[in-house]
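Colleague: Could you give me a close look at the ligand site in this model? Start with the contacts, then work outward.

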Amino acid sequence: MDPLTALLAVLLLLALVYWYGTKDFGSLEKLGVPVIKPYPFIGSILKPWESFCVSDDLQNARKYGRLWGLYEGPWAQLFVADVDMAKHIMIKDFDHFQDRPVLFDFEYGRDQMDMMPADRWKVLRSLLAPALTTSGRLKAMTPTMQQCLDDACRRMEAKLRDSPVIDAQADLFGPLTLDVMAQFSFGMKVPDVADKNSVFVKHASAFGVPTDATPNPLITYILTSFPSLGNRVAGRQLIPAFRYFLEMIRRSIKQRRAEGVHRPDLVGVIMDAIDNKVPTAEYRQLRLTEEILLLQGAEMLMAAYDTVGSALNKSAYFLATEPEAAEEVAQEAQELDELTYESVAQLPKLEAFIKEVLRMAPLLVRHFRVCTRDWEYQGLRVPAGTSVTIPMSVFHMDEQLFPEARQFRPARWLEEDAHRSHQYSWMPFGLGPHACLGARLAMVECKFFLAGFLRRYRFLACDQTKFEYLPGSGLFATTKPIMVKVEKL
Ligand code: HEM
């Protein structure tokens with residue numbers, strides 16, 4: 001090749017690479033909203049490994065108001081920090097925002113219910129919902145929860161013999177939530193939930209959020225700039241985990257069939273769907289494969305494991321550092337004759353405590369939707385295809401919506417009309433038809449376990465008790481390990 005041709009080829013290649021790194025730029029600017037200046041490839045966030053989603057969102061809301069745009073690498077996102085507009089997007093005008101962006105775009109990842117296009121998502125959601133939302137089925141989970149609670153107490157007491165200080169997530173709530181969710185999702189008791197070397201725990205950890213990794217700037221740049229590469233890297237760890245859990249649920253179903261057992265739990269719901277016992281025309285039309293149905297067991301583990309674990313972990317922090325509020329909820333729990341599905345439903349102070357934890361320190365801090373049909377709202381025109389992000393911390397920390405928003409004040413949830421006035425501004429479980437399917441189960445679990453622990457132990461602050469967020473986390477607000485002192489009553 002002569003030098004001129006070589007030079008032209010290099011220039012063409014550079015132009016193509018530049019085009020790729022900037023191809024979506026300009027799409028947000030067309031909406032007429034303030035846009036944080038993007039740079040080729042890396043987008044608007046200059047040091048993604050240092051940025052932290054919650055403080056970024058609060059800062060951007062202060063600077064730009066209720067609407068702004070930014071590019072995460074090439075990904076254009078319209079941020080909507082206005083309660084009324086968010087309510088329209090998530091509930092009232094849902095038919096314009098039925099999809100989520102596919103955050104896990106690799107084998108198995110894209111086949112999870114919440115990543116699917118609306119027609120499939122809707123059918124799968126209504127298929128699975130009874131196992132997660134009906135009182136009878138949640139009540140049927142309580143013996144399992146009791147047994148998992150007792151096992152967790154035994155593990156913790158063994159730990160306490162070495163030291164009174166525990167890592168609330170790693171030593172207590174991580175194994176506990178894994179234990180419950182393994183039984184809920186796969187109908188199986190896993191014997192070694194606390195053993196980090198067990199195959200089950202290793203695969204489940206792939207579904208968790210990192211707690212100690214320090215992001216490498218160069219790798220973060222590359223993965224943000226080339227999302228398909230990011231997906232490949234994530235897939236390398238997650239695909240084997242999905243395969244493992246698929247096999248697990250398959251085994252569980254095989255065993256139930258061999259024993260002629262049918263239970264109305266998640267596995268039972270999936271078995272019925274495989275056996276075509278779901279008579280709706282919509283369902284039959286979709287022809288969902290057996291593998292897609294089985295995958296939803298893994299989806300539940302993924303959706304529930306770290307979310308419930310994080311709510312409990314952060315609750316332990318607030319129990320340790322807010323002694324007055326802790327005393328009130330402990331007293332309420334200790335006054336119960338016994339721990340049952342019905343009795344934990346009657347713990348208003350504990351419920352208020354958990355709601356306040358989820359207001360101040362939710363794990364998932366942004367909600368995502370894709371505009372599927374052009375939408376117009378108060379002069380703003382959003383074309384189909386636009387990714388919309390709802391930054392929930394902006395609402396949760398708004399002094400108008402939550403007076404003394406920086407104070408941990410569970411009593412706000414006991415005020416008259418609290419539920420109605422925060423109906424659309426408190427959204428740790430999302431809102432509308434795409435809202436968390438496990439919200440009821442999550443609240444039952446949190447109340448059951450916290451009440452169970454508070455009847456036996458006291459959580460206290462010590463020198464190591466700190467609440468520090470990890471930087472660089474885009475989707476999750478993850479903390480460094482939370483250490484608390486535990487005292488037996
Ligand atoms: C404290 C615990 C939990 C929190 C804070 C939480 C939070 C969330 C959030 C924020 C969403 C997205 C909502 C939206 O986009 O509007 C979500 C979706 C979802 N969650 Fe949860 N979650 C929790 C526990 C659970 C549990 C225990 C399960 C199931 C066993 C579960 C299953 C799901 C599912 C299936 C979705 C997707 C719903 C859909 O797209 O239709 N979650 N969750």
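Modeller: Start with arginine 125: one of its polar side-chain atoms sits 2.6 Å from an oxygen atom of the ligand. Arginine 369 also places a polar side-chain atom by a ligand oxygen, at 2.7 Å. Leucine 431 uses its backbone instead: a polar atom there is 3.4 Å from an oxygen atom of the ligand. I am using "polar contact" for a pair of N or O atoms within 3.5 Å; within protein, one atom must be able to donate a hydrogen and the other to accept it, and residues adjacent in sequence count only if both atoms are side-chain atoms.

Two notes on the basis. This is a predicted model, where local features need pLDDT of at least 70 and side-chain atom pairs count only at pLDDT 80 or more, while totals for chains, interfaces and linings use all residues. Numbering runs from 1 along each chain as its sequence is written, and side-chain values use heavy atoms, with hydrogens and water left out.

Now the confidence. The average pLDDT (the predictor's confidence in each residue, from 0 to 100) is 91 for the chain, and 98% of the residues score at least 70. Among the elements, helix H16 (residues 348-360) has the highest mean, 98, and helix H12 (residues 281-286) the lowest, 78. Helices here are DSSP runs of H or I with at least four residues, strands are E runs of at least two, and both are numbered from the N terminus.

Next, the full shell. There are 30 residues around the ligand, and Arg100, Arg125, Arg369, His434 and Cys436 come nearest. A residue is near if one of its heavy atoms lies within 4 Å. Which elements supply at least two residues each? They are helix H4 (118-133), helix H7 (168-186), helix H13 (290-321), strand E4 (366-370) and helix H19 (439-454). H13 has the largest share, with seven residues. By class, the shell holds 20 nonpolar, five polar and five charged residues. Ala, Val, Leu, Ile, Met, Phe, Trp, Tyr, Cys and Pro count as nonpolar; Asp, Glu, Lys and Arg count as charged; the others, Gly among them, are polar.

H19 also helps to line the second largest pocket, where its four residues are the biggest contribution. That pocket has 19 lining residues, with Glu351, Lys355, His419, Trp426 and Met443 nearest its centre. Helix H15 (341-344), H16 and H19 each give two or more residues to the lining. The lining is made up of 10 nonpolar, four polar and five charged residues.

Last, the loop between helix H17 (392-396) and helix H18 (418-421). Arginine 412 is found there. Its relative accessibility is 2%, so arginine 412 counts as buried. The cut-offs are under 20% relative accessible area for buried, over 50% for exposed and partly exposed in between, with a 1.4 Å probe and protein chains only. The side chain of arginine 412 makes a polar contact of 3.1 Å with that of glutamate 356. The arginine 412 side chain also reaches the backbone oxygen of glutamine 407, at 3.3 Å.

Two more residues of this loop deserve a look. Most residues other than glycine have a negative phi. Glutamate 404, not a glycine, has a positive phi of about 55 degrees. Aspartate 417 is not a glycine either, and its phi is positive at about 75 degrees. Glutamate 404 is partly exposed at 43%, and aspartate 417 is partly exposed at 42%.

Conventions:
On a 1 Å grid over the protein atoms alone, a cavity is a set of points where a 1.4 Å probe fits but cannot get out, and a pocket is an open set with protein on both sides within 12 Å along at least five of seven lines; lining residues have an atom within 4 Å of a point.
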